[in-house]
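Open the model in your viewer and show side chains as sticks. The stops below go from one contact to the next.

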Amino acid sequence: MYHPDLIRHPDGCPTLVLNADYTPLSYYPLSLWPWQTAIKAVFLERVDIVSHYEREVHSPSFSMKLPSVIALRQFVKPSAYPAFTRFNLFLRDSFACQYCGCRHDLTFDHVVPRAQGGRTTWENVATACAPCNLRKGGRTPRQAHMELASTPERPTSWALQENGRRFPPNYLHDSWHDWLYWDVPLEA
């Protein structure tokens with residue numbers, strides 16, 4: 001019987017990586033490994049295969065179905081607080097301008113401008129679209145008569161993961177749905 005996985009190139013077969021407690025290491029970006037890394041981890045006995053693609057890879061003396069979901073054998077404790085990066089800032093603010101809600105042409109804005117002593121920290125930086133950032137200029141939101149949708153604060157890793165669940169990637173293999181918590185109807 002024909003199965004779409006059989007004609008899929010191995011590079012199109014990423015592996016969902018679960019922690020030892022069978023939760024994804026990360027939701028956004030989704031914790032995925034290329035097939036080569038997953039197979040290496042299987043042979044090094046660092047992971048258990050939870051599910052696999054129908055696609056096989058072969059060596060002269062061995063063949064194996066590509067893993068689609070693996071679980072680490074040792075638990076990796078997530079850090080309490082994420083790194084301060086542009087991507088994590090946008091994720092904290094749900095990829096929306098904190099002044100007008102626009103989702104295009106995003107940049108970041110110092111709430112208290114650096115020229116007025118503001119620092120580049122979680123508590124002083126917010127996502128802003130380029131037009132709002134230009135309009136605000138080197139002023140505080142109060143001086144520019146602009147209101148922030150939410151007060152900037154340092155997020156926890158858990159809060160970023162919760163935000164990330166609202167932005168699923170374009171591709172989700174069927175075998176991943178049991179391990180991810182978006183768009184999955186719960187059985188009564």
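Begin with R154 and Y81: the charged end of R154 lies over the ring of Y81, at 3.9 Å from the ring centre. Keep in mind throughout that this is a predicted model.

**Aromatic pairs**

The structure has three aromatic pairs. Select F43 and F62 for one of them. Why is this pair called edge-to-face? The ring centres are 5.5 Å apart and the planes meet at 65°, and an angle over 60 degrees counts as edge-to-face. Now colour by secondary structure. F43 belongs to helix 2 (residues 35-43), while F62 is in the loop between strand 3 (47-58) and strand 4 (63-72), so the pair ties together parts that are 19 residues apart in sequence. Switch on the surface to compare accessibility. F43 is exposed, at 52% relative accessible area, and F62 is partly exposed, at 41%.

Next, select F87 and F95. This aromatic pair is also edge-to-face, with 5.9 Å from centre to centre and 65° between the planes. On the surface, F87 is partly exposed at 33% relative accessibility. F95, at 17%, counts as buried, because the cut-off for buried is under 20%.

**Salt bridges**

How many salt bridges does a search of the whole structure find? There are four, and three stops follow.

Select R73 and D48. Their salt bridge has its closest N and O atoms 2.8 Å apart. This pair links distant parts of the chain: R73 is in the loop between strand 4 and helix 3 (86-92), D48 is in strand 3, and the two are 25 residues apart. Both ends can be looked up on the surface: R73 is partly exposed with a relative accessible area of 45%, and D48 is partly exposed at 30%.

Move to D93 and R92. Their side chains form a salt bridge with an N to O distance of 2.9 Å. Are these residues buried or exposed? Both D93 and R92 are buried.

Finish at D109 and K136, whose side chains meet in a salt bridge at 3.3 Å, N to O. Trace the backbone from one to the other: D109 lies in strand 5 (residues 106-110) and K136 in helix 4 (residues 130-136), so placed that the pair links distant parts of the chain, 27 residues apart. With the surface on, D109 counts as buried at 3% relative accessibility, and K136 counts as buried at 1%.

Methods: Residues are numbered from 1 along each chain as its sequence is written. This is a predicted model: local features need pLDDT of at least 70, side-chain atom pairs count only at pLDDT 80 or more; totals for chains, interfaces and linings use all residues. Side-chain values use heavy atoms; hydrogens and water are left out. Rings of Phe, Tyr and Trp (its six-membered ring) pair if their centres lie within 6.5 Å; planes under 30 degrees apart count as stacked, over 60 as edge-to-face and the rest as tilted. Helices (H or I, at least four residues) and strands (E, at least two) are DSSP runs, numbered from the N terminus. Buried means under 20% relative accessible area, exposed over 50%, partly exposed in between (1.4 Å probe, protein chains only). A charge sits over a ring if NZ of Lys or CZ of Arg is within 6 Å of the ring centre and within 35 degrees of the ring normal.
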